[in-house]
Every structure is written in structure tokens, then in C-alpha cells.
Amino acid sequence: EVRERLSAKEDEWNALARQLCELANVQEAAVLSTCNRFELYVISDDNRKAVREVTELLSERSGVSLRELREHLFMLDDYEGVWHVMRV
């Protein structure tokens, strides 16, 4: 399953967040990975570029093709993203 291939163990969350912050268009990042979900929270000045960079990193890290990965991802931004993180 794609979620399993994307998942990160809790002791890997900080390293993955640091790796995300090394991307040109990501200023801050947080990782949440459980048996039910894999979520990334990022802050960027250019959401489109950040999504592209993050998606490429996830594909490289997991071995999941970009095409397959895009079928399983969704993005919330601004207030929708904040609302989601407060709900879960």
C-alpha cells in the first residue's frame, strides 16, 4: 500500500522534516505518520513549487512513482490546512 511505503517511524520524523526544509521552497515542515495516516505540514511562500518539490522527494524516498503518488495525495492550504490539523 502506498501509505506504508510513505510512512516514517517516529524516530525518523525530525530527520524527514529537516530534509523537507532543505528544499528550495519549504521554510518549515512537520511530519505525522501513524498506522492510519501520513501527513506533512509545510510552510512555503510558493505552494505550487513546494508541492512539486515535496512530491518529488516523497517519490524518491518511497519508490512510489510520481503518477501513482499523485493519485493518493491531497493538499489543503491556508485556513483549510490549519482547520484539518486542529481536527485530527
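Biologist: Hello! How do helix α2 (residues 13-21) and helix α3 (residues 47-62) pack: parallel, antiparallel, perpendicular or oblique?

Modeller: This is a predicted model, where local features need pLDDT of at least 70, side-chain atom pairs need 80 or more, and totals for chains, interfaces and linings use all residues. Residues are numbered from 1 along each chain as its sequence is written, and side-chain values use heavy atoms, without hydrogens or water. The two helices (DSSP runs of H or I, at least four residues) have axes 10 Å apart, at an angle of about 135°. Under 35 degrees is roughly parallel, over 145 roughly antiparallel and 65 to 115 roughly perpendicular, so α2 and α3 are oblique.

Biologist: Which residues of α3 make the contact with α2?

Modeller: Contact means heavy atoms within 4.5 Å. From α2 come L16, Q19 and L20. Across from them, α3 supplies V54, L57 and R61.

Biologist: How many nonpolar residues does that contact have?

Modeller: Ala, Val, Leu, Ile, Met, Phe, Trp, Tyr, Cys and Pro count as nonpolar, Asp, Glu, Lys and Arg as charged, the others as polar. The contact of α2 with α3 has 1 polar and 1 charged residue. Its nonpolar residues number 4.

Biologist: Which element gives the largest share of the lining of the largest pocket?

Modeller: Lining residues have an atom within 4 Å of a pocket point. The lining divides into 20 nonpolar, 7 polar and 8 charged residues. The largest share, 7 residues, comes from α3.

Conventions: Axes are lines fitted to C-alpha atoms, for helices over the stretch in contact, and angles run from 0 to 180 degrees between N-to-C directions.
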